[in-house]
Amino acid sequence: MHNAPTGFIPFGALSIAKGMVIMMDNRACVNYLIKRFPKYSIEVIKEKKSVLVIKALSNNKAYIIKCYLNRITQTYREININNFLFDIDYNCAKITDVLEYENYIFIVFEFVIGKSLAEYVYRDDFISKIRLLCKHISKLHSIENFDCLFKYQIQVETYIKEKIKKCEVILNKYKIHEYQNIILYLKRNFKKIDQTRPSILHGDLQFYNVLIKNNDNKSLCIIDFEHSFICDYRIDLARLFIGIPDDIQEIIMIYYEKYSGRKIEQLIYFLVLESFYNILVFKVVSYGSDLDNYVKMCNENFNAYIMKT
């Protein structure tokens with residue numbers, strides 16, 4: 001039972017997370033949902049330029065609705081991969097409906113009651129949650145017979161080349177030429193990367209996309225497969241490790257190798273690639289006025305990873 005908290009908005013009304021202002025382009029989308037779900041309270045909980053995340057709540061039902069604007073290809077990729085995984089009993093959120101309105105596509109998910117794994121960091125039971133996570137991501141990466149998803153496969157060589165090219169574009173745009181050593185490292189070691197069997201990747205694996213269910217403390221649900229694709233499993237691990245302390249990285253590697261039966265090799269290369277790209281895109285591009293500090297972070301990360309080899 002999902003009881004509305006005291007003072008909650010009436011059904012058919014709208015609330016907005018504190019500090020958030022709905023962009024003009026998304027107001028028609030919200031108005032449509034209010035009419036489409038007249039017996040539900042509609043709460044905007046997250047907004048990006050082309051994605052709006054909404055919670056619809058009634059007395060006994062709750063849904064998460066992801067609203068995409070002009071992103072048909074990526075939206076149906078998330079739908080197809082999520083449905084494939086749910087159908088083979090993988091722990092992901094169930095899609096209950098897909099709606100279309102003008103240039104919007106809405107994916108309606110059953111609401112999963114739980115806390116993100118990020119809330120368990122360094123708690124007494126954190127290691128048990130890490131074990132649970134490693135079981136699930138190793139299971140994801142070991143799935144076979146996904147022929148219906150092959151159109152979402154990217155060759156690892158193509159993936160690396162494209163990501164290096166994107167990094168170069170940002171470096172050139174912001175005239176960051178003194179840190180080309182990272183690009184040189186990535187290019188020189190590119191052909192040394194061993195091939196692995198293609199795996200289904202989450203694409204944005206991080207603690208906030210892993211929910212520990214409230215009704216079963218030994219069960220988790222992985223959400224938000226909008227960036228999912230098929231490629232090298234080490235890409236998922238590298239993205240997961242961004243911003244995670246070394247001691248937690250080591251624990252994840254131990255349990256991942258245990259449950260997957262794989263010996264993780266050459267992960268450092270993917271860590272450099274993903275962390276460098278992450279800082280350039282989400283720091284340099286977003287906060288161009290503070291370039292020196294963020295470029296310094298790139299270089300420090302690069303040197304730290306290389307020292308591990």
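Start by selecting strand β4 (residues 62-69) and strand β6, which pair in the antiparallel sense over 7 bridges. Strands here are DSSP runs of E with at least two residues, helices are runs of H or I with at least four, and both are numbered from the N terminus. Two strands count as paired if DSSP finds at least two bridges between them. For one rung of this ladder, pick Ile-65: its bridge partner in β6 is Val-108.

Before going on, a word on what you have open. This is a predicted model, in which local features need pLDDT of at least 70 and side-chain atom pairs count only at pLDDT 80 or more, while totals for chains, interfaces and linings use all residues. Residues are numbered from 1 along each chain as its sequence is written, and side-chain values use heavy atoms, with hydrogens and water left out.

**Around β6**

Keep β6 (residues 104-110) selected and add its surroundings. Of its 7 residues, 6 are buried, so the strand is largely enclosed by the rest of the structure. Buried means under 20% relative accessible area, exposed means over 50%, and partly exposed is in between, with a 1.4 Å probe and protein chains only. Now bring in β5, which joins β6 through 6 bridges, also in the antiparallel sense. Glu-100 has Ile-105 as its bridge partner in β6. Then zoom in on the hairpin of these two strands: there are 2 residues between them, and Glu-102 takes a positive phi near 50 degrees.

**The tyrosines and their rings**

Stay here and show the side chains of Tyr-32, Tyr-101, Tyr-104 and Phe-106, which form one aromatic cluster. Rings of Phe, Tyr and Trp (its six-membered ring) pair if their centres lie within 6.5 Å; planes under 30 degrees apart are stacked, over 60 edge-to-face, and the rest tilted. The count comes to 13 aromatic pairs by this rule. Within the cluster, Tyr-32 and Tyr-101 are stacked, at 4.4 Å centre to centre with 10 degrees between the planes. Tyr-32 lies in helix α1 (residues 24-36) and Tyr-101 in strand β5 (residues 95-101), so the pair ties together parts that are 69 residues apart in sequence. Tyr-32 is buried, with a relative accessible area of 18%, and Tyr-101 is partly exposed at 24%.

For another stacked pair, jump to Tyr-233 and Tyr-256: ring centres 5.8 Å apart, planes at 5 degrees. Here Tyr-233 comes from helix α6 (residues 233-241) and Tyr-256 from helix α7 (residues 246-260), so parts 23 residues apart in sequence are tied together. Both are buried: Tyr-233 has a relative accessible area of 3%, and Tyr-256 has 1%.

Leave Tyr-233 on screen and add Arg-262, whose charged end sits over the Tyr-233 ring, 4.1 Å from its centre. That label requires NZ of Lys or CZ of Arg within 6 Å of the ring centre and within 35 degrees of the ring normal. You can see another case at Arg-36, which lies over the face of Phe-37 at 5.6 Å from the ring centre.

**Into the cores**

Next, select Leu-85, Ile-160, Ile-200 and Phe-207. Of the 66 residues in the largest nonpolar core, these four touch the most other members. A nonpolar core is a set of buried Ala, Val, Leu, Ile, Met, Phe, Trp, Tyr and Cys residues joined through side-chain atoms within 4.5 Å. Colour helix α8 (residues 267-284) too, as it gives the most to this core, with 10 residues. A second, separate core of 20 residues includes Cys-29, Leu-33, Cys-67 and Phe-106.

Centre the view on Phe-207. Not counting residues up to four places away in sequence, its contacts (heavy atoms within 4.5 Å) include Ser-116, Val-121, Phe-126, Leu-240 and Ile-252.

**The β7, β9 and β10 strands**

From Ser-116, step across to Leu-211, its bridge partner in β9. Strand β7 (residues 114-116) and strand β9 (residues 210-213) run antiparallel, joined by 3 bridges. Carry on from Leu-211 to Cys-221, which stands opposite in β10. β9 and strand β10 (residues 220-222) are also antiparallel, with 3 bridges.

Finish at Ser-219, in the loop between β9 and β10. Ser-219 counts as buried at 10% relative accessibility. Beyond four places in sequence, Ser-219 touches Asn-91, Leu-132, Leu-211, Ile-212 and Lys-213.
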